[in-house]
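Here is a short briefing to read alongside the model. Please keep the sequence and the 3D view open as you go through the points.

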Amino acid sequence: MTTRARPGQKGGKMKPTPGGSLVAVIADTDTITGFLLAGVGQVEKGKKNFLVVDNKTTQAQIAEAFKELTSREDIAVILISQVVANDIRHLLDEYDQLVPTVLEIPSRGVPYDPDKDFIMVRIKKMLGQE
């Protein structure tokens, strides 16, 4: 059994999560395929821990998936491709929970830009570099 902090808990107390915690992914088809081949994907009772974003996926669908994944107690980390993150930047800028931790990752063919990564921006502000 693993433990993890939940939003709203005081003092960094950890709540046990039976069966462990999952990594979730919101990204393009190629990125999702790689993570699924690595064993990250899970579908249980109609709930998936990933969202494949393509040219038919709306910003509202991405935002809904992000909100759903951040509210799940079995998710510890959410990986989101930076291209997709740009579509819901307002939600990422407002997100202030420790768990699940949200990390931006590069997409195939699109270089990672640390100046757009909300975590890197926060770190620079804390260090007085911005």
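The notes below cover a helix, an aromatic pair and a surface patch. The model is predicted, and helix α2 is a good place to start: its residues 59–71 include Phe-66, one of its buried residues, which also belongs to the one aromatic pair found in a search of the whole structure.

**Helix α2**
- Helix α2 has 13 residues and reaches 18 Å from its first C-alpha to its last, close to the 18 Å expected at 1.5 Å a residue.
- Buried in α2 are Ile-62, Ala-63, Ala-65, Phe-66, Leu-69 and Thr-70.
- These buried residues cover an arc of only 160° around the axis, so they sit on the same side of α2.
- Turn to the other side of α2 and you will find Ala-60, Glu-64, Lys-67 and Ser-71 exposed.

**The aromatic pair**
- One aromatic pair turns up in a search of the whole structure.
- The ring centres of Phe-66 and Tyr-95 are 5.7 Å apart and the ring planes stand at 75°, over the 60 degrees cut-off, so the pair is edge-to-face.
- Distant parts of the chain are linked by this pair, with Phe-66 in helix α2 and Tyr-95 in the loop between α4 (89–94) and β8 (101–105), 29 residues apart.
- Both Phe-66 and Tyr-95 are buried.

**A nonpolar surface patch**
- On the surface, Ile-123, Met-126 and Leu-127 form a nonpolar patch, and together they have about 340 Å² of accessible area.
- Ile-123 is located in helix α5, residues 118–126.
- Ile-123 counts as partly exposed because its relative accessibility is 34%.

Key
Residues are numbered from 1 along each chain as its sequence is written. This is a predicted model: local features need pLDDT of at least 70, side-chain atom pairs count only at pLDDT 80 or more; totals for chains, interfaces and linings use all residues. Side-chain values use heavy atoms; hydrogens and water are left out. Helices (H or I, at least four residues) and strands (E, at least two) are DSSP runs, numbered from the N terminus. The expected span of a helix is 1.5 Å times one less than its number of residues. Buried means under 20% relative accessible area, exposed over 50%, partly exposed in between (1.4 Å probe, protein chains only). The arc is that of the directions from the helix axis to the C-beta atoms. Patches are made of residues with over 30% relative accessible area and no salt bridge: like charges are joined within 9 Å, nonpolar side chains (Val, Leu, Ile, Met, Phe, Trp, Tyr) within 5 Å. Accessible areas come from the Shrake-Rupley method with a 1.4 Å probe; for residues, only the protein chains shown count as cover. A salt bridge is a side-chain nitrogen of Lys or Arg within 4 Å of a carboxyl oxygen of Asp or Glu. Rings of Phe, Tyr and Trp (its six-membered ring) pair if their centres lie within 6.5 Å; planes under 30 degrees apart count as stacked, over 60 as edge-to-face and the rest as tilted.
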